[in-house]
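Me: I would like to go through this structure with you in questions and answers, beginning with what is bound and moving on to the rest of the chain.

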Amino acid sequence: MENMTFNKSVLSWINEKIDLVKPEKVVWIDGSEEQIEALRAEACSTGEMIKLNQEILPDCYLHRTAVNDVARVEGRTFICAPTKEEAGPTNNWMDPAEAYEMLYAIAKDSYKGRTMYVIPYSMGPVGSKFSKIGIELTDSIYVVLNMVIMTRVGTDVLKALGDSEDWVRGLHCKCDIDEEKRYICQFPQDNTIISVNSGYGGNVLLGKKCFALRIASYQGKNEGWQAEHMLILGLQKPNGEIKYICAAFPSACGKTNLAMLIPPEGYYKNGYRVWCVGDDISWIRKGEDGRLYAINPENGFFGVAPGTNEKSNPNALASTRKGTIFTNVAHNLDNNTVWWEGLDKNPPANAIEWKGNPWNGQESEEKGAHPNSRFTAPAKNCPCISSEFENPNGVPVSAIVFGGRRAKLAPLVYQSRSWNHGVFVGSIMASETTAAAAGAVGVVRRDPMAMLPFCGYNMADYWQHWINIGEGLDPEKAPKIFNVNWFRKDDEGNFMWPGFGDNLRVLDWIIDRCEGKVDADETAIGYVPKAEDINLEGIEDEVSDAQLKELLSVDTALWKDEVAGIEEFYAKFDRLPATLKGELETLKKNINK
Ligand code: OXD
Ligand code: MN
């Protein structure tokens with residue numbers, strides 16, 4: 001096949017990699033429907049994918065990964081910066097020269113008898129000043145077909161790149177899916193990613209976490225912008241005005257649900273709407289008017305399937321009804337469709353579970369879908385996709401929201417006193433771990449800005465970058481920064497807040513605060529709503545006034561323990577910005593008042 005570009009940096013890098021992995025042939029992905037369709041057919045003929053019922057789920061497919069390869073592997077993810085200090089205390093680090101040597105030894109000859117697919121892709125609308133280009137080499141059709149959904153792929157991208165050397169190199173080798181030799185390595189200084197021995201999305205769709213967060217966060221630091229693990233939503237008020245919110249939550253905290261929220265009935269009737277710009281990643285930079293603007297660099301949703309249903313997230317479910325690839329869900333043999341826990345109360349009796357064994361969902365104690373099973377769905381399928389989704393200039397950001405699962409500590413919502421206090425609030429984020437990452441589930445861990453596994457350089461320098469960004473903003477124009485906690489529990493262990501669509505009640509308060517329309521109570525940790533300003537109309541049965549007061553309360557004794565936890569966490573960072581140290585001192589003082 002002919003090369004699709006004359007770009008020398010691209011061709012020489014690919015030739016080097018061809019010499020290394022020795023593919024039988026090389027196929028450039030041009031993004032054409034014919035080529036994609038032929039690849040789908042090929043993947044079905046080898047069993048790599050299963051074509052689903054085309055009447056019920058047109059252009060939808062099912063894929064199963066190896067059973068030892070079902071989630072991101074943070075323990076095997078490395079930032080290969082020149083010094084350990086540059087990667088910082090929260091990242092695994094490997095010396096770049098050693099890493100290349102080790103990875104090349106694993107990758108050597110690994111494409112023998114196989115095809116190398118060359119995927120030129122753009123993160124962000126092709127040609128936007130926000131956007132960045134990558135090229136991923138892979139020996140997996142599944143990766144190609146997922147990248148085609150998740151990013152903008154094809155000839156246009158190479159045209160936009162021209163002769164530039166500013167593109168991210170990505171090499172993926174499936175090898176033998178050997179866990180012991182699985183490595184996901186980022187080389188931020190070289191704009192390079194190498195991923196070996198995995199076929200699971202988060203490890204191998206290199207545009208997503210590896211590029212759009214790890215590499216891009218480093219690029220952003222050097223170029224004066226931000227790559228964040230944040231959804232972007234537009235909240236439309238009854239007067240038709242739309243205000244944009246970026247929000248960061250640790251994995252599987254309901255981020256996709258929030259991004260596609262359906263307003264409670266009363267709100268909907270009054271004209272409230274939520275428009276989804278993105279469900280996972282934001283690239284943010286200052287616009288000519290001095291405000292921050294955000295784009296979603298992705299083109300699809302790589303969402304967690306279990307728990308997604310007509311009630312929890314009808315928009316996500318609708319997004320998966322065509323052109324979607326399902327991974328590690330159950331296969332309903334009766335009608336050749338898919339099923340997962342929490343889809344409905346009717347598990348199929350005649351099915352194949354995610355590992356590939358026969359499964360009777362009516363009787364079996366085992367799960368049909370893996371807890372981290374996924375859908376890869378085109379963003380354009382989403383009924384509430386924002387009309388600004390493709391806007392090359394992004395959307396203006398009014399508010400930044402941080403969140404996490406805290407059973408007792410954090411109130412339903414509070415606002416930081418300033419940008420720098422907001423950076424502090426983001427830096428102390430914490431949550432219970434979930435199935436999205438391999439390892440123990442349910443353990444509380446610090447996850448600053450939800451970037452713990454995704455920051456491509458020293459986290460302390462990343463915080464300083466946040467502070468620097470704030471310094472470049474007129475405080476009047478800077479987004480206001482908030483923290484939310486949908487997961488507060490009462491003493492019996494029940495969730496106190498209904499969540500889902502009702503989270504709009506909190507978003508509404510947030511936007512009112514941004515517009516200076518509503519007052520608040522100043523507490524030790526920041527501004528908390530006055531109970532009467534959170535509208536409970538329609539949920540009075542679920543949330544009593546007393547319960548709301550409890551949800552908004554700040555328990556100083558618990559915050560004293562929290563301060564100790566923050567101090568312990570901060571002690572890891574030699575390069576902790578003085579500003580954050582100061583914010584911690586202020587919190588301590590406020591709490592001991
Ligand atoms: C994800 C994540 O988005 O783990 O998959 O954060
Ligand atoms: Mn994510």
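The turns below take up the ligands, the salt bridges and a few single residues.

Me: Before we begin, what kind of model is this, and what pLDDT do local features need?

Reply: Residues are numbered from 1 along each chain as its sequence is written, chains are lettered from A and ligands numbered from 1 in the order in which they are written, and side-chain values use heavy atoms, with hydrogens and water left out. This is a predicted model, in which totals for chains, interfaces and linings use all residues, side-chain atom pairs count only at pLDDT 80 or more, and local features need pLDDT of at least 70.

Me: How many residues surround ligand 1, and how many of them are charged?

Reply: The shell holds 8 residues, and the closest are Arg72, Lys209, His229, Ser251 and Arg374, where a residue is near a molecule if one of its heavy atoms lies within 4 Å of it. For the division by type, Ala, Val, Leu, Ile, Met, Phe, Trp, Tyr, Cys and Pro count as nonpolar, Asp, Glu, Lys and Arg as charged, and the others, Gly among them, as polar. On that basis the shell contains 2 nonpolar and 2 polar residues, and the charged ones number 4.

Me: Which side chains have a polar atom facing an oxygen atom of ligand 1, and what share of the ligand's area does the protein bury?

Reply: An N or O atom in the side chain of Lys209 is 2.9 Å from an oxygen atom of ligand 1, a polar side-chain atom of Arg374 lies 3.0 Å from one, and for Asp280 the distance is 3.3 Å; a polar contact here is a pair of N or O atoms within 3.5 Å. Taken alone, ligand 1 exposes 210 Å² (Shrake-Rupley method, 1.4 Å probe). Of that area the protein buries 91%.

Me: Which protein atoms are the donors of the manganese ion?

Reply: Donors are N, O and S atoms within 2.8 Å of the metal (3.2 Å for Na, K and Ca), and sites may look incomplete, since water is not among the atoms. In sequence the donor residues are spaced K-x19-H-x50-D. The donors of this ion, which is ligand 2, lie 2.1 to 2.2 Å from it and are Lys209 (NZ), His229 (NE2) and Asp280 (OD).

Me: How many residues apart in sequence are the parts that Lys209 and Asp280 tie together, and are these two buried or exposed?

Reply: Lys209 lies in helix 8 (residues 207-223), and Asp280 in the loop between strand 15 (273-278) and strand 16 (282-286), so the pair ties together parts that are 71 residues apart in sequence. Helices (H or I, at least four residues) and strands (E, at least two) are DSSP runs, numbered from the N terminus. With buried meaning under 20% relative accessible area, exposed over 50% and partly exposed in between (1.4 Å probe, protein chains only), both Lys209 and Asp280 are buried.

Me: Which residues are linked with Lys209 in a network of salt bridges?

Reply: A salt bridge is a side-chain nitrogen of Lys or Arg within 4 Å of a carboxyl oxygen of Asp or Glu, and a search of the whole structure finds 36 of them. The network that includes Lys209 also holds Lys208, Lys255, Asp280 and Glu298.

Me: Where do Arg446 and Glu562 lie, and how far apart are their closest N and O atoms?

Reply: Arg446 lies in strand 28 (residues 444-446) and Glu562 in helix 16 (residues 556-570), so the pair ties together parts that are 116 residues apart in sequence. Arg446 is buried at a relative accessible area of 15%, and Glu562 is buried at 5%. In their salt bridge the closest N and O atoms are apart by 2.9 Å.

Me: What is the relative accessible area of Asp491, which meets Lys408 in a salt bridge?

Reply: The two side chains meet at 2.9 Å, N to O. Lys408 is partly exposed, with a relative accessible area of 34%. Asp491 is exposed, and its value is 71%.

Me: What is the phi of Asn328, and why is it worth noting?

Reply: Most residues other than glycine have a negative phi. Asn328, in the loop between strand 19 (325-327) and strand 20 (330-332), counts as buried at 1% relative accessibility. Its phi is positive, near 65°.

Terms used:
A polar contact is a pair of N or O atoms within 3.5 Å; within protein, one must be able to donate a hydrogen and the other to accept it, and residues adjacent in sequence count only if both atoms are side-chain atoms.
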